[in-house]
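Colleague: I've just opened this one and would like some help reading it. Could you take me through a few features?

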Amino acid sequence: MDFTQTHFELFGLPATYALDRAKLDAAYRELQNTVHPDRFAAQPEAEQRVAMQWATQVNEAYQTLKHPVNRGVYLLKLQGIDALDASNTKMAPAFLMQQMEWREAIDEVRAGGSVGALDALSDDLRAAHRRIEAQLAALIDTAHDFPAASEAVRQLRFMDKLIAEVGDVYEELES
Amino acid sequence: MALLQISEPGMSTAPHQHRLAVGIDLGTTNSLVATVRSGLSMVLDDEAGHSLLPSVVRYHAGGDVEVGYAAQSAQNLDPHNTIVSVKRFMGRGIADIEDIASLPYRFVDAPGMVQLKTAAGVKSPVEVSAEILKVLRQRAEAAMGGELVGAVITVPAYFDDAQRQATKDAAQLAGLNVLRLLNEPTAAAIAYGLDNASEGVYAVYDLGGGTFDISILKLAKGVFEVLATNGDSALGGDDFDQRVFCWMLEQGRFAPLSAGDARLLLTKARDAKEALTEHTEVRVTAVLSTGEMMDATLTQSAFNTMTASLVSKTLAPTRKALRDAGLAVDEVKGVVMVGGSTRMPCIRQAVADFFRQTPLTNLDPDKVVALGAAMQADVLAGNRAGDDWLLLDVIPLSLGLETMGGLTEKVIPRNTTIPTARAQDFTTFKDGQTAMSVHVLQGERELASDCRSLARFELRGIPPMVAGAARIRVTFQVDADGLLSVSAREQSSGVEASVQVKPSYGLGDEDITRMLKDAFTHAKDDMYARALNEQIVDAQGLIAATRAAMAEDGALLDAAETAAIEVGIAALEKLMAGPDVEPNHHLAIKRGIEALNAATTEFAQRRMDQNVRRAMAGQKLETFG
């Protein structure tokens with residue numbers, strides 16, 4: 001295993017935020033088909049161990065590139081930037097205001113809203129998520145503005161938390 | 001465009017010998033064994049033509065054991081010594097078993113896993129399960145005329161690490177080489193997916209005797225990717241029986257029941273439930289040992305009412321799994337029904353209503369898991385070439401550690417594709433702290449006390465530093481069986497200490513050795529001859545595989561490396577031919593195997609690097625093709 005190889009190189013993809021998901025999926029399937037422990041179950045232990053290490057690495061790489069936040073964090077890390085550095089909490093005031101509004105909206109639904117209201121809120125959040133992803137692609141791939149990209153990654157992580165909270169409320173409403 | 005395959009120069013194209021491998025569905029109520037013959041997966045029957053083996057084990061004083069129908073027919077007569085639905089106790093402590101008061105067994109509260117007092121002594125659920133597996137192994141070896149190279153054993157997808165470890169231990173105890181633990185819904189998907197050559201997203205709804213699983217899978221180009229799984233490892237057909245049983249108690253107004261009468265009524269309850277699959281009402285009669293009687297009619301609609309809450313208990317995990325997969329109901333192309341309990345009309349209706357489509361029931365829900373497991377065993381044993389499929393499964397429950405204040409810190413979230421490894425850094429709380437207690441947890445809850453405790457271990461020898469200065473990296477590795485190992489290492493000072501743990505619910509290697517000894521004493525089997533034979537077969541396999549690898553990829557090694565491997569082979573061959581010195585010669589061979597494995601690790605890595613380069617080169621060509 002070549003540890004100097006990036007996850008993008010592993011899958012034969014360009015190191016950009018914009019991602020050809022079909023190509024990533026195809027390369028992932030091809031790699032797992034080659035290295036997965038199930039391909040070596042009848043082989044000696046040494047080969048089984050190597051297969052587990054490889055399959056673990058390929059899964060890690062795939063999860064990193066597939067996930068919008070993780071892919072952003074990883075690309076910035078390749079630039080030597082820790083986007084999730086705990087000391088860096090800079091966030092645009094407008095975004096923070098919007099966050100608070102969404103949080104209040106979630107609490108309202110939780111206090112006695114309908115599934116329909118939650119669906120609408122969920123759609124809003126996902127749309128916002130997609131907008132930030134598009135911004136991130138522009139900031140990293142075109143503008144190379146990494147400090148701004150770091151902030152966008154943090155925003156995206158906020159959105160993930162909100163979407164997860166909406167999932168919890170679905171569970172509460174359904175039970 | 002798919003590329004044509006051309007074999008390596010020197011690579012053997014001759015078909016190799018068919019290796020005997022089976023798939024085993026170790027069920028709560030019934031167990032089955034299946035294998036692939038002439039490309040077809042089939043369930044193996046016993047001499048009487050039964051394919052199902054009731055998962056019932058009866059222990060006699062003196063150590064004789066009965067398994068299956070004979071044991072089942074004795075369960076009302078000898079309830080204390082006849083263990084039914086033992087799967088529910090695998091990897092479970094006394095506190096985990098909800099309806100313990102209504103069960104006729106004499107439980108012993110043992111650390112980790114509950115045990116059962118029988119006429120033949122105290123038995124762990126692992127030993128009871130091993131008895132079932134032994135019968136299936138013998139059935140397979142008799143039918144196939146040879147020793148098995150291995151078995152795929154299925155487990156509920158929602159089984160946690162302790163339950164999986166217990167299952168693997170049981171297989172080992174039964175003398176089975178476990179090729180893989182396979183999730184039941186995934187096994188069912190193989191059986192269905194390949195029959196119908198389907199692509200798209202499928203849901204597998206698996207309601208067995210004691211467990212419920214829901215898995216959402218994506219099938220694409222021969223890859224079965226599990227997107228999410230959920231379930232309830234203590235919900236199944238048994239609970240439906242229990243509801244009917246309660247109804248019978250209300251109808252009969254009996255005096256407190258003996259264990260035998262309770263078992264009788266439970267059996268009647270199950271018969272009534274099964275009859276209601278075909279009929280709209282059923283007459284339920286029973287005569288107890290006290291002379292008390294009941295005679296009442298149970299209608300399907302009354303049954304549906306009394307079990308409605310159980311049905312809806314399966315739909316909450318189904319919603320969660322879909323949400324985790326990020327999918328809406330209308331994106332699911334088909335729903336596969338698995339497990340005998342999905343024969344109940346109320347279940348079929350609820351699933352059809354939820355997914356807004358008629359579920360697939362064309363394969364026998366009792367057999368589909370074993371059939372899929374056999375197909376996977378055939379692949380893992382190396383009997384197929386070129387056209388096989390690949391399974392990418394997930395862990396069902398998050399894995400984490402307890403942190404300060406009794407909180408859970410998740411290290412690997414649920415639905416992560418396996419195999420996987422994740423490391424997380426922790427630090428010390430006090431100045432001069434030299435030891436750290438690591439508590440491994442599984443579950444979704446925030447409080448450590450609400451999650452399942454898998455293992456505790458201590459990391460000692462941390463150099464004294466101010467609080468927060470030490471860097472302790474804890475690494476979780478989950479293998480392709482879904483089994484976890486954890487190691488911890490202090491890194492900031494360069495001082496290393498690490499420890500490997502096996503979950504506390506699993507049995508230690510010494511326990512397994514003791515149980516194996518017990519088992520062989522009773523079976524009057526020659527344990528030493530068996531152990532020696534196993535090692536010799538392993539050694540022969542390893543030497544053959546190493547020689548084949550060198551013939552194929554010898555160019556990857558320089559002269560010195562080739563010589564080192566040759567030395568390892570020669571040493572192992574000498575051991576195999578050497579004087580057979582009881583009782584430890586098999587251990588000497590085992591060490592020789594380990595040495596040769598170590599000597600070929602670097603070679604294995606280079607071969608894999610080469611495979612990956614070739615695969616990705618093919619991938620690029622395909623993209624342009």
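Modeller: Sure, let's go from the whole chain to the details.
This is a predicted model, where local features need pLDDT of at least 70, side-chain atom pairs count only at pLDDT 80 or more, and totals for chains, interfaces and linings use all residues. Residues are numbered from 1 along each chain as its sequence is written, while chains are lettered from A and ligands numbered from 1 in the order in which they are written.

Colleague: How many helices and strands does chain B have?

Modeller: Chain B has 14 helices and 26 strands. Helices (H or I, at least four residues) and strands (E, at least two) are DSSP runs, numbered from the N terminus. Of the 625 residues of chain B, 43% count as buried; a residue is buried if 20 or more other C-beta atoms lie within 10 Å of its own, exposed if 12 or fewer, and partly exposed in between, with C-beta atoms placed from the backbone.

Colleague: How do I read a sheet?

Modeller: Strands of a sheet pair through backbone hydrogen bonds, either parallel or antiparallel. Two strands count as paired if DSSP finds at least two bridges between them. Here, 3 strands of chain B form an open antiparallel sheet in the order 22-25-26. Strand 22 and strand 26 of chain B are the edges, each pairing on one side only.

Colleague: Which residues lie opposite each other in strand 25 and strand 26 of chain B?

Modeller: Ile472(B) stands opposite Glu490(B), and Gln477(B) has Ser485(B) as its bridge partner. Strand 25 (residues 472-478) and strand 26 of chain B pair in the antiparallel sense over 7 bridges. They form a hairpin with 5 residues between them, and Gly482(B) in the turn has a positive phi of about 80°. Strand 26 (residues 484-490) of chain B also has a covered face, made of Leu484(B), Val486(B), Ala488(B) and Glu490(B), and an uncovered one with Ser485(B), Ser487(B) and Arg489(B).

Colleague: And how do I describe two packed helices?

Modeller: Two packed helices are described by the angle between their axes and the distance between the axes. In chain B, the axes of helix 5 (residues 237-252) and helix 7 come within 10 Å and cross at roughly 150°. That makes helix 5 of chain B roughly antiparallel to helix 7 of chain B. Axes are lines fitted to C-alpha atoms, for helices over the stretch in contact, and angles run from 0 to 180 degrees between N-to-C directions; under 35 degrees counts as roughly parallel, over 145 as roughly antiparallel, 65 to 115 as roughly perpendicular and the rest as oblique.

Colleague: Which residues of helix 5 and helix 7 of chain B make the contact?

Modeller: Asp239(B), Phe240(B), Arg243(B) and Trp247(B) come from helix 5 of chain B, while Met306(B), Thr307(B) and Leu310(B) come from helix 7 of chain B. Residues are in contact if their C-beta atoms, placed from the backbone, lie within 7 Å.

Colleague: Is Leu266(B) buried or exposed?

Modeller: Leu266(B) is buried, with 23 other C-beta atoms within 10 Å. Leu266(B) is found in helix 6 (residues 259-275) of chain B. Not counting residues up to four places away in sequence, Leu266(B) touches Asp241(B) and Phe245(B).

Colleague: How many residues of chain B are in contact with chain A?

Modeller: 37 residues of chain B are in contact with 32 residues of chain A. Helix 14 of chain B gives the largest share of chain B's side, 11 residues.

How values were computed: Two residues are in contact if their C-beta atoms, placed from the backbone, lie within 7 Å.
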